[in-house]
Amino acid sequence: MTRNLRAVAIQPNSRHNKNISSSNNNRNKHNRNSTKSNKQQQERHQLQQQAMKAVNDKLAEAASLEQKLNAPSSSQNSNSQSTRENEQERSRICQIFSDILCDHALLAHEHDIASRLWRTCFYSQINQMRSRISREVRRMMKNSSNVESAEPNKAKAEHEAALVSLLAEAVQLYEYIIKRYEDQMIPSLSRSTEPNRSSSTVQTPAEVSNLHRFLIHLGDLHRYDPHASSSSSLTLAADVYSRAQLLVPGDGNAYNQQAVIAQNSSQVVVSLYWYVRALGATQVPFVTSK
C-alpha cells in the first residue's frame with residue numbers, strides 16, 4: 001500500500017518533468033528555426049545588395065561611355081579606328097540599358113533609360129545617316145544634267161543600305177523588349193497555366209511609361225525606313241502608334257506621330273485631326289504640335 005502511494009506521488013512529478021523537457025525542446029527548435037530564418041534573410045539581403053551594386057556599377061559605366069561619345073572630339077574623329085571604338089561603346093551601352101530595362105523597370109524609369117537608349121544607341125546614328133542621304137539627294141538634283149550623277153546615286157544607295165541595316169537591328173531589339181514587358185504586364189492563358197504564376201498581373205506606372213516609350217520608338221523606326229513611302233513601313237508605324245495610344249490615351253506623343261505620317265502621305269485634313277488630338281491630350285499635351 002505504501003509503495004503504491006509512493007508511485008502515485010511520483011507520477012505527477014514525472015509528467016511535469018516531461019512537459020518541461022518537451023517545452024524546452026520546442027523552444028530550442030523554435031530558436032533554431034528563427035536563427036535559420038534570420039540567416040536566410042541576411043543572405044537574401046546581401047544578395048540584393050550585391051545585385052544592386054552590380055546594377056549601379058553598370059549605370060556608372062554607361063554614363064561614362066555616354067559622356068565619352070558625346071564629347072566634341074568623338075564626333076570630330078572620323079577615322080576607321082575611332083569609328084570602331086564608338087561602335088563598341090554604343091554596343092556596350094545598348095547591352096547595359098537593355099538588361100536594366102528588362103530586369104529593373106522601376107530603376108530604368110527613374111534613370112530615364114528608355115530615352116537614353118534611344119538617343120545614344122540609335123537616334124543619333126539614324127539622324128546622321130538620314131542627313132547623308134539627303135545630302136546625296138541634293139547633289140543628285142544639282143548634277144542631274146551631268147554625267148557624274150551616277151556616282152552620288154551609288155553613295156546614296158550605300159547610305160540607305162547602312163540605314164536599313166541599323167533600323168532592322170533596332171527593330172529586333174525593341175520588339176524583344178516590348179514582348180518582355182507585355183508578357184509581364186498582360187495576363188494570358190499560357191501564363192495562367194504555368195505553376196507559381198498568377199492569372200492576373202499588376203501594371204506599375206514605371207512599366208507602363210517604359211512600354212509607351214518603346215512603342216513610340218518602334219513606330220519611329222518603321223517610319224524612318226528610307227523606302228517607307230513605297231512600302232508597308234508607314235502602315236506598321238501607324239499600327240504601333242495606335243498601340244501606344246491605347247496604352248496611354250492621355251499622352252499626346254502618339255497622336256503627333258500619327259499626324260506626321262498623315263502629313264508625309266499628303267493627307268492634310270487627317271494630319272490636322274491628329275495634331276489637334278496631340279494638343280488636346282488630357283495628361284501630357286504634345287505642345288510641339290503647334
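Biologist: Does Trp-274 count as buried or exposed?

Modeller: This is a predicted model. In it, Trp-274 counts as buried because its relative accessibility is 16%, under the 20% cut-off.

Biologist: Which aromatic pair does Trp-274 form, and how should such a pair be read?

Modeller: A pair of aromatic rings is described by two values, the distance of the centres and the angle of the planes. A search of the whole structure finds seven aromatic pairs. In one of them, Tyr-273 and Trp-274 lie 5.1 Å centre to centre with 65 degrees between the planes, an edge-to-face arrangement. Tyr-273 is partly exposed, at a relative accessible area of 43%.

Biologist: Which residues do ring pairs link into a cluster?

Modeller: The cluster consists of Trp-118, Phe-122, Tyr-123, Tyr-174, Tyr-181 and Phe-214, linked by ring pairs.

Biologist: At what angle do the axes of helix H8 and helix H9 cross?

Modeller: Two packed helices are described by the angle between their axes and the distance between the axes. For H8 (residues 205-223) and H9 (residues 233-247), the axes cross at roughly 165 degrees and come within 7 Å. Angles over 145 degrees count as roughly antiparallel, so H8 and H9 are roughly antiparallel to each other. Their crossing is left-handed.

Biologist: Which residues make the contact?

Modeller: On the H8 side they include Val-208, Leu-211, Leu-215, Ile-216 and Arg-223, and on the H9 side Leu-236, Ala-237, Val-240, Tyr-241 and Leu-247 are among them.

Biologist: How many nonpolar, polar and charged residues does the contact of H8 with H9 have?

Modeller: It has twelve nonpolar, four polar and three charged residues.

How values were computed: Residues are numbered from 1 along each chain as its sequence is written. This is a predicted model: local features need pLDDT of at least 70, side-chain atom pairs count only at pLDDT 80 or more; totals for chains, interfaces and linings use all residues. Side-chain values use heavy atoms; hydrogens and water are left out. Axes are lines fitted to C-alpha atoms, for helices over the stretch in contact, and angles run from 0 to 180 degrees between N-to-C directions. Helices (H or I, at least four residues) and strands (E, at least two) are DSSP runs, numbered from the N terminus. Angles under 35 degrees count as roughly parallel, over 145 as roughly antiparallel, 65 to 115 as roughly perpendicular and the rest as oblique. A crossing is left-handed if the near helix is turned anticlockwise from the far one by less than a right angle, and right-handed if clockwise. Contact means heavy atoms within 4.5 Å. Ala, Val, Leu, Ile, Met, Phe, Trp, Tyr, Cys and Pro count as nonpolar, Asp, Glu, Lys and Arg as charged, and the others, Gly among them, as polar. Rings of Phe, Tyr and Trp (its six-membered ring) pair if their centres lie within 6.5 Å; planes under 30 degrees apart count as stacked, over 60 as edge-to-face and the rest as tilted. Buried means under 20% relative accessible area, exposed over 50%, partly exposed in between (1.4 Å probe, protein chains only).
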